[in-house]
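Take a first look at the chain and its fold below. The report after it moves from sheets to a helix and then to charged pairs.

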Amino acid sequence: MIEFAHVYKSYDKNYILRDLSFNIYKGEFVFITGPSGAGKTTTMKMVIAMEKPTHGQINVFNEDISAIQPKQIPFLRRKIGFVFQDFKLLINRTVFQNVALGLEISGVSGSIITKNVTEILKAVELYQKKDEYPLSLSGGEQQRVAIARALVQNPSVLIADEPTGNLDFETASIIIDILKSFNNKGTTMIIATHDKTLIELGRARVIDITKN
Ligand SMILES: Nc1ncnc2c1ncn2[C@@H]1O[C@H](COP(=O)(O)OP(=O)(O)OP(=O)(O)O)[C@@H](O)[C@H]1O
Ligand SMILES: [Mg+2]
């Protein structure tokens, strides 16, 4: 489903990834790991064409996205949800509005938006905070809003970049449980993290980008 073949990536002639190859299959739950600065975020951004490989080939849903046309990119991003390392929540919108925004942009009707956002906020146990603003939430709650915002689009793949960044063990376990439950319902999960505790908790395949 996602295939990296001999991928190299440089910034200003400085190679951060060299000859990276791996496959991720439909329905999998995988960790992408490596120390800080190893290129995890860059690797994930290449999957959604936010960054281009310097050399090598990346196939996503059997298409070579190294050569993707700009007008095809929105279609790709509709199928792949992305939870950013820094969340990127809109601080002047409520939890509900943050999660609803993507559906509004896609032209989904109001009643469907209410139904789907309600359902996803309940799944991440944040429905009671739907009218609060991001800055009044804890880090773990903000993370769950970011996850809900990606999952409400019902993507076939979810990429979560360091989803438990600064969270304590218990909060991290809750987030892993949420990601696992969506994986059990069919969403392919790709989790980028340097956190070994998280990887132990997740019990899943690990792709170490420094060893590929
Ligand atoms: N847009 C950019 N321009 C120049 N250098 C960049 C850019 N984005 C990333 N880098 C560099 O590439 C390297 C890898 O960055 P990346 O964010 O992918 O690492 P990471 O593995 O996600 O790290 P962390 O665990 O800290 O999140 C770093 O040295 C970073 O400074
Ligand atoms: Mg990163």
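What follows describes a predicted model.

## The parallel sheet

Start with the sheet of five strands. It is open, and its strands pair in parallel. The order across it is β6-β7-β8-β3-β9. The two edge strands are β6, residues 80-83, and β9, residues 205-208. Each of them pairs on one side only. From one strand to the next, the twist averages 20°.

Inside this sheet, β7 covers residues 157-161 and β8 covers residues 188-192. Five bridges join these two strands in the parallel sense. One contact to look up is V157, whose bridge partner in β8 is T188.

A helix lies against this sheet. Helix α5, residues 139-151, packs on it and touches β6, β7 and β8. The direction of α5 makes about 165° with that of β6.

## The antiparallel sheet

A second open sheet has four strands in the order β2-β1-β4-β5. Its pairing is antiparallel. Here β2 (14-24) and β5 stand at the edges. Each has a single partner strand, so one side of each is left without a neighbour in the sheet.

The pairings can be followed strand by strand. β1 and β4 run antiparallel over five bridges. Within that pair, I2 has V60 in β4 as its bridge partner. β4 also pairs with β5, residues 63-64, in the antiparallel sense over two bridges. In β5, E63 stands opposite V60, and D64 stands opposite N59.

β4 and β5 form a hairpin with two residues between the strands. F61 in this hairpin takes a positive phi near 50°.

This sheet has a helix packed on it as well. α1 touches β1, β2 and β4. The direction of α1 makes about 120° with that of β1.

## Helix α6

Does the length of α6 agree or disagree with what its residue count predicts? Helix α6 holds 16 residues, 169-184. At 1.5 Å a residue, α6 should span 22 Å. The C-alpha atoms at its ends are 22 Å apart, which agrees.

Now look at both ends of the helix. At the start of α6, a side-chain oxygen of D168 comes to within 3.1 Å of the backbone nitrogen of E170. After α6 comes G186, with a positive phi near 120°.

Which residues of α6 are buried? They are T171, A172, S173, I175, I176, I178, L179, F182 and N183. The cover over these buried residues includes three strands, β3 (29-33), β7 and β8. It also includes the helices α4 (110-123), α5 and α7 (196-202).

## Salt bridges

How many salt bridges does a search of the whole structure find? It finds seven. In general, side chains of opposite charge can pair when their charged atoms come close. Three of the pairs are set out here, with the distance between nitrogen and oxygen.

| Lysine | Acidic partner | N to O distance |
|---|---|---|
| K9 | E51 | 3.3 Å |
| K115 | E119 | 3.9 Å |
| K211 | D208 | 3.7 Å |

Take K9 and E51 first. This pair links distant parts of the chain, 42 residues apart. K9 belongs to strand β1, residues 2-11. E51 sits in the loop between α1 (40-47) and β4 (55-60). K9 counts as buried because its relative accessibility is 6%. E51 is partly exposed, with a relative accessible area of 22%.

K115 and E119 have another setting. Both lie in helix α4, four residues apart, so about one helical turn separates them. Are they buried or exposed? K115 counts as exposed at 52% relative accessibility. E119 is exposed too, with a relative accessible area of 51%.

The remaining pair in the table joins K211 and D208. K211 is exposed, with a relative accessible area of 68%. D208 counts as buried, at 18% relative accessibility.

To look back over the strands, return to the two open sheets. One has five strands with parallel pairing. The other has four strands with antiparallel pairing.

Methods: Residues are numbered from 1 along each chain as its sequence is written. Chains are lettered from A and ligands numbered from 1 in the order in which they are written. This is a predicted model: local features need pLDDT of at least 70, side-chain atom pairs count only at pLDDT 80 or more; totals for chains, interfaces and linings use all residues. Side-chain values use heavy atoms; hydrogens and water are left out. Two strands pair if DSSP finds at least two bridges between them. Axes are lines fitted to C-alpha atoms, for helices over the stretch in contact, and angles run from 0 to 180 degrees between N-to-C directions. Contact means heavy atoms within 4.5 Å. The expected span of a helix is 1.5 Å times one less than its number of residues. Buried means under 20% relative accessible area, exposed over 50%, partly exposed in between (1.4 Å probe, protein chains only). A polar contact is a pair of N or O atoms within 3.5 Å; within protein, one must be able to donate a hydrogen and the other to accept it, and residues adjacent in sequence count only if both atoms are side-chain atoms. A salt bridge is a side-chain nitrogen of Lys or Arg within 4 Å of a carboxyl oxygen of Asp or Glu.
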